Amino acid sequence: MAACIRKLLPLFGFCGVLLAGTGADRWVVTQHNGTHVLRGVPGLGSLGRGQPVPVGARLFVRDESGLELRLRSGEILRLGTLTNLEVGQPRQFLLHKGAVLLSLPGESEGYQVASPLSELKLQGAGAVMLGVTQSGGFKVVGIHGKLQLHIEGQDTEIGAGELVFVFTGGSGFSRKVDVELATLVQTATLIRDFEQPLPFLEDMMKAARRQNRLIRDRYRALVGDAKTDKEFELKIVKEQK
């Protein structure tokens, strides 16, 4: 690993759309903080701990708030601040705006995730944070294990400490960028702003320590947004002396 982005700022406070199904495919609220609003379900304006998420519901997470959902089969879905997510068919969701953390167990069938202008399938055993970019695609950061990312005619693999953009209309993936896991663990609200920690948090911390030993060169930069279908922002930050 030749270089590592030390600071990853914007985009992991974005909005999303949730999933729900029946039986084992039905998401249940396991943690929440702050305020969220439920739409599309007559007579129900929000959800409490232990309640299932109805099919067809749309969730809006307010500022400085968060929501965690789990499936009986082991999947975890966290919605970050200012996220707008719509629950579709089983193992599908539409992320209109904002950011989510999605964790899949090894036996998971995978998930189809859509944004306003992109579709992405995730499979494998691992976890990512993903959000909608300005261009309508996705920004994906691997935080645990490895997941396969599939779009029409193309696929790639993302591991812990890697970032990739998914461009709109099936036009491909960006080159991968290494990001510092230690910074993510310490600063990402989707990881740290919940009372109960992620079950793989200790594994993430061990991976961060391994990554630090492997990094030869480090530079400070901000990985910004993808404003077009072919490029993304990378701004080098000058160190203060």
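Welcome to this predicted model. A good place to start is Thr 81, which is buried, with a relative accessible area of 16%. Thr 81 belongs to the loop between β6 (76-79) and β7 (84-87). The chain around Thr 81 has 241 residues, and buried residues make up 51% of them. It holds three helices and 18 strands.

**Thr 81 and its loop**

- Thr 81 and Thr 35 are 46 residues apart along the chain, and their C-alpha atoms are separated by 9.5 Å.
- Leu 82 also has its place in the loop between β6 and β7.
- Whereas Thr 81 is buried, Leu 82 is partly exposed, with a relative accessible area of 43%.
- The backbone of Leu 82 has a positive phi of about 55°, although Leu 82 is not a glycine.
- As background, most residues other than glycine have a negative phi.

**Another positive phi, at Glu 64**

- Glu 64 is not a glycine either, yet it has a positive phi of about 55°.
- The loop that holds Glu 64 runs between β4 (58-61) and β5 (66-70).
- Glu 64 is exposed, with a relative accessible area of 69%.

**Contacts across the chain**

- Taking contacts between residues at least 6 apart in sequence, 55% join residues at least 24 apart.
- Arg 58, found in strand β4, is partly exposed, with a relative accessible area of 26%.
- Beyond the residues up to four places away in sequence, Arg 58 touches Val 37, Leu 38, Arg 39, Asn 84, Leu 85, Glu 86 and His 96.
- The C-alpha atoms of Arg 58 and Arg 39 are separated by 5.1 Å, with the two residues 19 apart along the chain.
- Strand β13 (residues 154-159) contains Glu 157, which is partly exposed, with a relative accessible area of 34%.
- Neighbours within four places in sequence aside, Glu 157 is in contact with Lys 146, Leu 147, Gln 148, Glu 162 and Lys 176.
- From Glu 157 to Leu 147, ten residues apart along the chain, the C-alpha atoms are separated by 5.8 Å.
- Ser 171 sits in the loop between β14 (162-166) and β15 (177-178), and it is partly exposed, with a relative accessible area of 29%.
- Between Ser 171 and Glu 152, which are 19 residues apart along the chain, the C-alpha atoms are separated by 8.8 Å.

**The nonpolar cores**

- The largest nonpolar core has 37 residues, and Leu 122 and Val 140 are the ones that touch the most other members.
- Not counting neighbours within four places in sequence, Val 140 is in contact with Leu 120, Val 128, Met 129, Leu 130, Leu 149, Ile 158, Glu 162, Leu 163, Val 164 and Val 166.
- Apart from the largest core lies another core, of 23 residues, and its members include Ala 127, Met 129, Ala 188 and Leu 190.

**Rings and a charge**

- The structure holds one aromatic pair.
- Trp 27 and Tyr 111 form this pair, which is tilted, at 6.1 Å centre to centre with 35° between the planes.
- Trp 27 lies in the loop between β1 (3-5) and β2 (28-33) and Tyr 111 in strand β10 (residues 111-114), so the pair ties together parts that are 84 residues apart in sequence.
- Both partners are buried: Trp 27 has a relative accessible area of 0%, and Tyr 111 has one of 1%.
- Elsewhere, a charge meets a ring: the charged end of Arg 78 sits over the ring of Phe 194, 4.1 Å from its centre.

**Helix α3**

- Helix α3 (residues 201-214) has 14 residues.
- From its first C-alpha to its last, α3 reaches 20 Å, close to the 20 Å expected at 1.5 Å a residue.
- Which residues of α3 are buried? They are Met 204, Ala 207, Ala 208 and Gln 211.
- These four cover an arc of only 105° around the axis, so they lie on the same side of α3.
- In general, an α-helix has 3.6 residues a turn, so residues three or four places apart point the same way.

Note on methods: Residues are numbered from 1 along each chain as its sequence is written. This is a predicted model: local features need pLDDT of at least 70, side-chain atom pairs count only at pLDDT 80 or more; totals for chains, interfaces and linings use all residues. Side-chain values use heavy atoms; hydrogens and water are left out. Rings of Phe, Tyr and Trp (its six-membered ring) pair if their centres lie within 6.5 Å; planes under 30 degrees apart count as stacked, over 60 as edge-to-face and the rest as tilted. Helices (H or I, at least four residues) and strands (E, at least two) are DSSP runs, numbered from the N terminus. Buried means under 20% relative accessible area, exposed over 50%, partly exposed in between (1.4 Å probe, protein chains only). A charge sits over a ring if NZ of Lys or CZ of Arg is within 6 Å of the ring centre and within 35 degrees of the ring normal. A nonpolar core is a set of buried Ala, Val, Leu, Ile, Met, Phe, Trp, Tyr and Cys residues joined through side-chain atoms within 4.5 Å. Contact means heavy atoms within 4.5 Å. The expected span of a helix is 1.5 Å times one less than its number of residues. The arc is that of the directions from the helix axis to the C-beta atoms.
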